[in-house]
Amino acid sequence: MKYQVMHDNGPRLRVRAGQWAFTKEEGYGLASLLLDYDFIHDVFTSHRNGSITIYYDEGMENKQKIFEILNSFTMDDLVEAEPTQTQVSKEITDDFYLKLAKMIGRRLLGRWFLPLPIKNALTIIRASKYIWEGLDSLTDFRVDVALLDGAAVTGALLQGQYQPASSMMFLLSISDALEDYTVQKAKSTLKDSLALNIDTVWVVGDDGEEKQVSAMEIKKGDKIKIHMGDVIPVDGKVVDGEAMVNEASMTGEPLAVHKSEGKTVHAGTVIEEGNIVVEVYSMNKETRLNKIIDLIENSEELKADTQSKAEKLADSIVPYSFLATALTYLITRNASKALSVLMVDFSCAIKLTTPLSIISAMREASDNRMMIKGGKFLEAYANADTIVFDKTGTLTNATPKVVEVIPMSSKYKRNDILRMAACIEEHFAHSIATAIVKQAEEEGLKHEEDHSEVEYIVAHGIVTEYDGKRAVIGSRHFLFDDENIKVTKRQEKKIEKEVAEHSVVYLAIDGKLEGLICIDDPVREEAKYVIEELKSLGIENVIMLTGDSESGAKAGAKALGITEYRSQVLPEDKSRIVEELKADGKTVIMVGDGINDSPALAAADVSVSMKHSSDIAREVADISLLSDDLYDLVTLRKLSTGMLDKINSNYRNIVAVNGSLLVLGVMGVISPSTSSMIHNLSTMLFGAMSTKSVLNERDFSNDIEVEAIEVADAS
């Protein structure tokens, strides 16, 4: 491919291949080919001028690789593809700005070059739309913004005030364009939150052997094994096993549904308990989930909650505007003064600035690699006074490491213990399971599928048959209390001596304790600072929940500066604790990452999942952090509170400016045209201010850097 480098700065590279180098669909295909490389994060193409913008991991080696890839592309490589959700979102934004630029351009050209009679005629033609909508509201006995707009435009035209009427309609058209934009963004965000992002699945062969393959390779009739905590990637029929399936993404019902052999399951639902084998009926675009997504995409009624709130507030002000206009005319008997009052439309500024503030905050969240499923969750995050953390994988490092493997009898050696544990744990997404599997891989220990059906007991452990014997692996409570595994005095002394400073996974075979796996999961270095920052930003209560022993939980809480914690907590305890906090009048944020956090995530006022969270945690969470950085919780708090401050500031400024215009109009100090001009200019100014960044990036980054240095020095 021939191209020219147009921009080369750090992790962003833009090249141009020329007009008509590829079609719009071929551009999507080109982007998908580039995104197959791990070091490339985002690709945006423009078929209009053949530009390709690439975001990648900074470094000369990666940049050189990109040039080599582009140089190797030929016409045969240009295949058509569908856009990613990121590309769709960017196109929606680009189209909005293009539409806005055209509207402003047409208005300026019309004012500069069209004769006055033609401009007035065009104003009357455009006014017919608003007058008709006002009459529609009047005949339906609705006192709303449409009626106020129609009355204001009609009054201005009757008084010969063509320029104020034109300016008012121009601002209203911008408000309508903004409303369309927010609806499309809401659809795109919802579609993105429903979309499946599954790379691999376990396919069960005719001989019963499980094989991990790419999700793109599965076809109708294949049988795939889906484990507890996983998102179901296809529509199909259960042919083996049984499970409790959370179908909230499909039906909205929070309670899991029992699925057994012969029952149908749908893509996008999540297994809460059990394991099943599913025969594939349909996948990709043919699934019921994608049909629902299509319905959402084509729905004309979908509106963001924040947009609806702004419209309700705007409508509630309308009767007072009419009342003020009527009183002004009754007192002064001056139509010009009454029109000055009618031309000052509080609702216009509210309709414009509120969604702009929300969109701006959502954009900043996206820029900071946070996916938020709706503006209402930003509002809840800002108003929260309590935050509840799951410890493992959230306040501790997301990648715990096996530090020691201890055989507890002469029957099995160290490597045998690690191999068996990895074999049993490999199907589960929990960070400790991942650590065990990773350690076995690093040591070259092959762990073939020697076990049979696996049963995962949430927050306890796993039960299976291994080499014809019952095997259990999990917590101390699970093995010794629930499973009644016997432990000798000699083993008890060895446990007390070896595991005092570590988290421990216990393995028992055939009713006897055979091994300990010690896991080191240190507290994140930045966690203490993040907690201090959240407290300074208005979070009054910080609570840590953990399944660790009392001594381990106390040590972790002390290291983090947390005064309130709960130890040896089960999943049902987590959700109960959240519900109790809410019953006490607290607004609760829940931060977690594991399967066992999902009930608490669902119960909280607003929930946050971390980057390496399980599928079900990401599905349930209202906010997903796409980077493995606890500082994002601080950034999100500053962003959400800043958004509300901006909206409240806008309301105060709108009332102050428009209230002053009302007083000056009633007193006859300013004419209706002057009142309308100042009102329209102030509305545009408030709109522009609403798009301003909430986060002062430079100062914020400096604060983070200084505090990080202090934390590092202290440690």
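Trainee: Which residue is the bridge partner of Phe 389 in E20?
Mentor: In this predicted model, strand E13 covers residues 386–390 and strand E20 covers residues 541–545, and the two pair in the parallel sense over five bridges. Within that pairing, the residue of E20 that serves as the bridge partner of Phe 389 is Met 544.

Trainee: Which are the edge strands of the open sheet of seven strands?
Mentor: The order of the seven strands is E12-E24-E23-E22-E13-E20-E21, and their pairing is mixed. An edge strand here pairs on one side only, and this holds for strand E12 (370–372) and for strand E21 (564–566). The edge strands are therefore, given that two strands pair if at least two bridges are found between them, E12 and E21.

Trainee: By what angle are neighbouring strands of this sheet turned against each other on average?
Mentor: The angle concerns neighbours in the order E12-E24-E23-E22-E13-E20-E21. With direction ignored, the average turn between neighbouring strands is 20°.

Trainee: Which residue in the turn of the hairpin formed by E16 and E17 has a positive phi?
Mentor: Strand E16 (residues 461–466) runs antiparallel to strand E17 (residues 469–474), and six bridges join them, with Thr 464 standing opposite Ala 471 in E17. Two residues lie between the strands of this hairpin, and the one in the turn with a positive phi, of about 55°, is Asp 467.

Trainee: What is the bridge partner of Gly 474 in E18?
Mentor: Strand E17 is also joined to strand E18 (residues 503–509) by four bridges, and these two strands run antiparallel. In E18, the residue that forms the bridge with Gly 474 is Tyr 506.

Definitions and conventions. Residues numbered from 1 in each chain as written. Predicted model: local features only at pLDDT ≥ 70, side-chain atom pairs only at ≥ 80, totals over all residues. Heavy atoms only, no water. Axes fitted to C-alpha atoms, helices over the stretch in contact; angles between N-to-C directions.
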